[in-house]
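Work through the two exercises below with the sequence and the coordinates open beside you. Each task is followed by a solution that goes step by step.

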Amino acid sequence: MRFLTPCVLLLAVACAHTPAPTSNSTSTPATTAPAATTLPSMEPPATPKPGWLMVYRADMLMRQGKHAEALPLYQQAWAAGNRKGDTAYSAACAAALEGRKDEAMTWLERSVENGFRDAEWMKQDEDLSSLRELPAFTALLAKLPTLPPHAEEGGGGNPELQRLMAEDQADRRPPAGPITPDHWKQIAERDQQRRQRVSELLDAGAAKTGADFFAAALVFQHGNALEDYARARELAAEAARRGHPRGLWLTAAAWDRWLMKAGQPQRFGTQYQLDKATGKMSLYPVDPAVTDAERERWGVPPLAEIRPQM
């Protein structure tokens, strides 16, 4: 299964085990900017998608191995209108782990109908191991490479922007070997090249859809300067306005990333930082003045439900 929230350096594709585009952490400690530095406030550019909180809670239960409790929440989110391929894929994982093979295949087929295309992940996902000998699973796996790319809400994407986003995400998947300073140096160099190319594409008017603006925002979210995160926030907000289902969350995450870089408490609770004492990623300090009601407007769960460590 793939987790939406997203792994230490990746943002959110399908079920609780699915690798998703992630933007909820950083590889290096935040550096403090001058205290006078501010980022203008903004209203949510869109409303949260139906069933988002149920999916979040189901993903948390999956991480805890509580598959039987997670499955009804995915079902409820689907019934509420959360018809994303990710949601259906997560439900398939939960059903398969509970030994409900027919139901798992139904959900897996729904995931493909609603945009899931990662054949390599489906092939290796241990949550689906009980399905691998089923003819229906084999047929579905063979069908995936023949399907056209899915144009999710927010419209189809500019091919080059989508490729740049895919490369950004690939760089943030756990490497086969140890993570070294040279590993991060090489990623930082590629990040800079991607930001330069995205800037050129934006200047040329290549971004037309929510998917385009989301891809551009995610590349800038993995920048290293305040202006990168400010631009990521604006691009993500435009993605949300144009209907991208993850644009609202990325807008909040970019805002939090900007605040962390500026040495200020984050608003929503999307950012983590390496705790050198424990070697773990710990939740970066959150502004106590920001309420859970405000988080809800931005598609972020209550603070008590946000994991203190990753």
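**Exercise 1: the nonpolar cores**

Task: identify the residues with the most contacts inside the largest nonpolar core, and the helices that supply it.

Solution. The largest nonpolar core comprises 44 residues, and those with the most contacts inside it are Val198, Leu250 and Trp298. Such a core is a set of buried Ala, Val, Leu, Ile, Met, Phe, Trp, Tyr and Cys residues joined through side-chain atoms within 4.5 Å, where buried means under 20% relative accessible area (1.4 Å probe, protein chains only). At least two of its residues come from each of α1 (52–63), α7 (159–170), α8 (181–203), α9 (210–221), α10 (226–241) and α11 (247–261), and α11 gives the most, with nine residues. Apart from this core lies another, of 32 residues, among them Ala94, Ala104, Leu108 and Leu140.

The model is predicted: local features need pLDDT of at least 70, side-chain atom pairs count only at pLDDT 80 or more, and totals for chains, interfaces and linings use all residues. Residues are numbered from 1 along each chain as its sequence is written, and side-chain values use heavy atoms, with hydrogens and water left out.

**Exercise 2: helix α3**

Task: decide whether α3 is largely enclosed or open, and state what covers its buried residues.

Solution. Helix α3 (a DSSP run of H or I, at least four residues, numbered from the N terminus) covers residues 85–97 and reaches 18 Å from its first C-alpha to its last. Because 12 of its 13 residues are buried, α3 is largely enclosed by the rest of the structure. The buried residues include Gly85, Asp86, Tyr89 and Cys93, and their cover includes α1, α2 (67–79), α4 (101–113) and α5 (119–124). After α3 comes Gly99, with a positive phi near 80°.

Conventions. Buried < 20%, exposed > 50% of the residue type's maximum accessible area, 1.4 Å probe, protein only. Expected span 1.5 Å × (residues − 1). Contact = heavy atoms within 4.5 Å.
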